[in-house]
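Colleague: I'd like a close look at one single part of this model, taken slowly and in plain words. Pick up wherever you like and lead me through it.

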Amino acid sequence: MFIQEGGSGSMDIKVGDRIITKKPHPCKNNEFIVLRVGMDFKIRCTKCNREIMLPRAKIEKNIKKIVTEETEN
Ligand SMILES: [Zn+2]
């Protein structure tokens, strides 16, 4: 497992990563799974399973941590 701290610089976010956001979802959870990356990101709340589409710039501002699961391909 590899954790990136949010803040300066551009972030390396990949599909399957989990992100911890500064602002929680209305369900009070602040952990999301990344489903799609690109101009817009698709993320899913790990508590209520709701899917959200957001532009990259907005997501990067709201990220506190990125948790990458190291897997072998
Ligand atoms: Zn939620």
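Modeller: Let's begin with one pair of residues and work outwards through the sheet. Isoleucine 43 stands opposite isoleucine 52 in S5. That pair belongs to a longer contact: strand S4 (residues 40–45) and S5 run antiparallel and are joined by five bridges. Two strands count as paired here if DSSP finds at least two bridges between them. The strands themselves are DSSP runs (E, at least two residues; helices are H or I, at least four), numbered from the N terminus.

Before we go on, a word on what you're looking at. This is a predicted model, with residues numbered from 1 along each chain as its sequence is written. Local features need pLDDT of at least 70 and side-chain atom pairs count only at pLDDT 80 or more, while totals for chains, interfaces and linings use all residues; side-chain values use heavy atoms, leaving out hydrogens and water.

Now step from S4 to its other neighbour. S3 and S4 are antiparallel too, held by four bridges, and in that pairing isoleucine 33 has arginine 44 in S4 as its bridge partner. The two strands make a hairpin with three residues between them, and glycine 38 in that turn has a positive phi of about 150 degrees.

Next along is S2. Three bridges connect S2 (residues 18–21) with S3 (residues 31–36), again antiparallel. Here isoleucine 20 faces glutamate 31 in S3. On its way out of this hairpin-and-neighbour region, S2 also pairs with S6 in the antiparallel sense, over four bridges, with threonine 21 opposite isoleucine 63 in S6. S6 (residues 63–68) then takes four bridges from S1, once more antiparallel, and phenylalanine 2 sits across from threonine 68 in S6.

Put those pairings together and you get an open sheet of six strands in the order S1-S6-S2-S3-S4-S5. S1 (2–5) and S5 (51–55) are at the edges; each has a single partner strand, so one side of each has no neighbour in the sheet. Compare that with the order along the chain: the elements run β-β-β-β-β-α-β from the N terminus, giving one helix and six strands.

The loop between S1 and S2 holds methionine 11. Methionine 11 has a relative accessible area of 9%, so it is buried (under 20%; exposed is over 50%, partly exposed in between, with a 1.4 Å probe and protein chains only). Its C-alpha lies 8.6 Å from that of isoleucine 66, although the two are 55 residues apart along the chain. Across the chain, buried residues make up 26% of the 73 residues.

One last stop is the zinc ion. Its protein donors are His25 (ND1), Cys27 (SG), Cys45 (SG) and Cys48 (SG), at 2.0 to 2.3 Å. Donors are N, O and S atoms within 2.8 Å of the metal (3.2 Å for Na, K and Ca), and sites may look incomplete since water is not among the atoms. Along the sequence these residues are spaced H-x1-C-x17-C-x2-C. Why is the arrangement called tetrahedral? Because the four donor atoms subtend angles of 102 to 117 degrees around the zinc ion, and four donors count as tetrahedral if all angles lie between 85 and 135 degrees. One of the donors, histidine 25, is itself buried, at 13% relative accessible area.

Conventions: Four donors count as tetrahedral if all angles lie between 85 and 135 degrees; four count as square planar and six as octahedral if opposite donors are over 155 degrees apart and all others between 65 and 115; anything else is irregular.
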